[in-house]
Amino acid sequence: MADENITLYGMQASLYTGKARAFMRRNRIGVTERGAGHPDYAARIMPQIGRFILPVIETPAGDIIQDGTDILDYLEAAGLSHEPLYPKDPVTRAVAHLLELFGNEGLLRPAMHYRWNFDADNLAFLKISFADVFPAHFDSAGRAAAFDHASGRMRKAAKAFGVFPETYETIEASYAEFLALYNAHLGETYYLLGNAPTVGDYGLFNPLYAHLARDPKPSHLMKSTATYVWNWVERMNRPEQMEEHTLNNPPSAMFGTGDFPDSLKKLMTYIGEEYGAEFSAHVDFANHWLSSPDRAAEASQGGLGRGMGFASFVWRGHELKTVVMAYRFYLAQRLWDHFDSCTAETQTKIRTLFTASNLEVFLDKRPTRRVVRENHLEVWAE
Ligand SMILES: N[C@@H](CCC(=O)N[C@@H](CS)C(=O)NCC(=O)O)C(=O)O
């Protein structure tokens, strides 16, 4: 390797690269970023991870880690972080895992809508941003063709997440509600769960950075209607040690069970409304899929494609069908593993808190098999 830094293969406009980069910046971990158009990505990295996907890190010792969540855990386990990813209080940690799941996966509709349905505002910007993943030898016609191909795939992906002309208005209203709630919360605290970022902040950072803070259309929306959220995005992405002074009474520690502010509980209630039915339908779909003998045999053969099929549910008055991805269960398992490891007394506290916001589905609705990651792919465990 060229230096002693970790190499991050990513892209400025990539949603899932955001949290890996922010974590390394905040923890001042030496990193050299390469766009995935770098020749090493195609020649050395892709053959090892088996598909085109971002982010990936390669350590000076030659370890290759794919997946934003696995990257954070790897760096934390290597002792490279100075801010703990997981809150010590077990109830707070359950909330962090819920927000990790929702942040990674529950805001894809606004992220994709505000990126791909405002071409007059966004397209010139996106064309330049996407060049990160194109080989350097492409000429301008090659870049234009590659952008058309990549953006065509992403516009298709937006539909798979439920973004259609009939849902645009509801997506905008629902995202405005999210921004208002998160903005109100961040008017009381610098981070989601107190005085330092956790996996919950990093989960939310994914959609709220590359798409919703950075693309021109939603960037203006965030700056003009949710300034505290914008400030949080900047803070999450900043390597300098900051002495903050802009809030009147920010928490001096992480929140604990007894002192969750109302603004956090309102955000949790929003998650139940926004994402509960979808999550539940996806688990039902996966269990049905797993219960068919052919599928079960297929599942035990190794890597899963990204999407298993489409599940139907009602979202804010719309009949939606969205793509079911095993990766979401991989994230939800982190909440379940934590919950299952807690004492009965703590479990009761977590359940009481989740029930108050209609979030029991996220504790109780589970696939019949676990998802594990093997050779950089999601696989159903035996
Ligand atoms: N769970 C994955 C999600 C990665 C992911 O979907 N990355 C996108 C970029 S933000 C990607 O590589 N897409 C390429 C494609 O689907 O072709 C992670 O965090 O690594």
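Of the 382 residues of the protein, 42% count as buried, and this figure, like every other one here, is computed from a predicted model. The secondary structure consists of 16 helices and eight strands. The radius of gyration is 20 Å, close to the 21 Å that the globule rule gives for 382 residues, so the protein is as compact as a globular protein of that length. Along its principal axes the C-alpha trace spans about 60 × 60 × 45 Å. When contacts between residues at least 6 apart in sequence are considered, 77% of them join residues at least 24 apart.

The chain is divided into domain 1 (6–77), domain 2, which is made of the segments 90–111, 167–239 and 250–380, and domain 3 (118–162). Between the centres of domain 1 and domain 3, taken over C-alpha atoms, there are 21 Å, and six residues of domain 1 are in contact with eight residues of domain 3. On the side of domain 1 that touches domain 3, the residues divide into three nonpolar, three polar and no charged.

The ligand offers a second way into the structure. Around the ligand stand S14, L15 and Y16, then F52, I53, L54 and P55, then Q66, D67 and G68, and finally Y327; by character, this shell divides into seven nonpolar residues, three polar ones and one charged one. Two members of the shell, L54 and P55, are joined by a cis peptide bond, with omega at about 0°. P55 itself lies in the loop between α2 (39–49) and β3 (56–58).

Helix α11, residues 227–236, shows how burial is arranged along a single element. Its buried residues are V229, W230, W232, V233 and M236, and, seen down the axis of α11, these fall within an arc of 160°, so they line one face of the helix. The general background is that an α-helix has 3.6 residues a turn, so residues three or four places apart point the same way. What covers the buried residues of α11 includes α1 (17–26), α8, α9 and α10 (216–225).

Two of these covering helices also frame a loop that deserves a look, for Y191 lies in the loop between α8 (165–186) and α9 (199–209). Is Y191 buried or exposed? Because 21 C-beta neighbours lie inside 10 Å, where 20 or more are required, Y191 counts as buried. Leaving aside neighbours within four places in sequence, Y191 is in contact with A196, P197 and D201. The C-alpha atoms of Y191 and P218, which are 27 residues apart along the chain, are separated by 21 Å.

Two other loops contain residues whose backbone angles invite inspection. R316, found in the loop between β5 (309–315) and β6 (318–324), has a phi near 45°, a positive value in a residue other than glycine. R316 counts as partly exposed, because 13 C-beta neighbours lie inside 10 Å. N375, placed in the loop between β7 (371–374) and β8 (377–380), has a phi near 50°, which is likewise a positive value in a residue other than glycine. With 11 other C-beta atoms within 10 Å, N375 is exposed, since the cut-off for that class is 12 or fewer.

Conventions: Residues are numbered from 1 along each chain as its sequence is written. This is a predicted model: local features need pLDDT of at least 70, side-chain atom pairs count only at pLDDT 80 or more; totals for chains, interfaces and linings use all residues. A residue is near a molecule or strand if its C-beta atom, placed from the backbone, lies within 6 Å of it. Ala, Val, Leu, Ile, Met, Phe, Trp, Tyr, Cys and Pro count as nonpolar, Asp, Glu, Lys and Arg as charged, and the others, Gly among them, as polar. Helices (H or I, at least four residues) and strands (E, at least two) are DSSP runs, numbered from the N terminus. Two residues are in contact if their C-beta atoms, placed from the backbone, lie within 7 Å. Domain bounds come from an automatic or database domain assignment. The radius of gyration is taken over C-alpha atoms; the globule rule is 2.2 Å times the number of residues to the power 0.38. The arc is that of the directions from the helix axis to the C-beta atoms.
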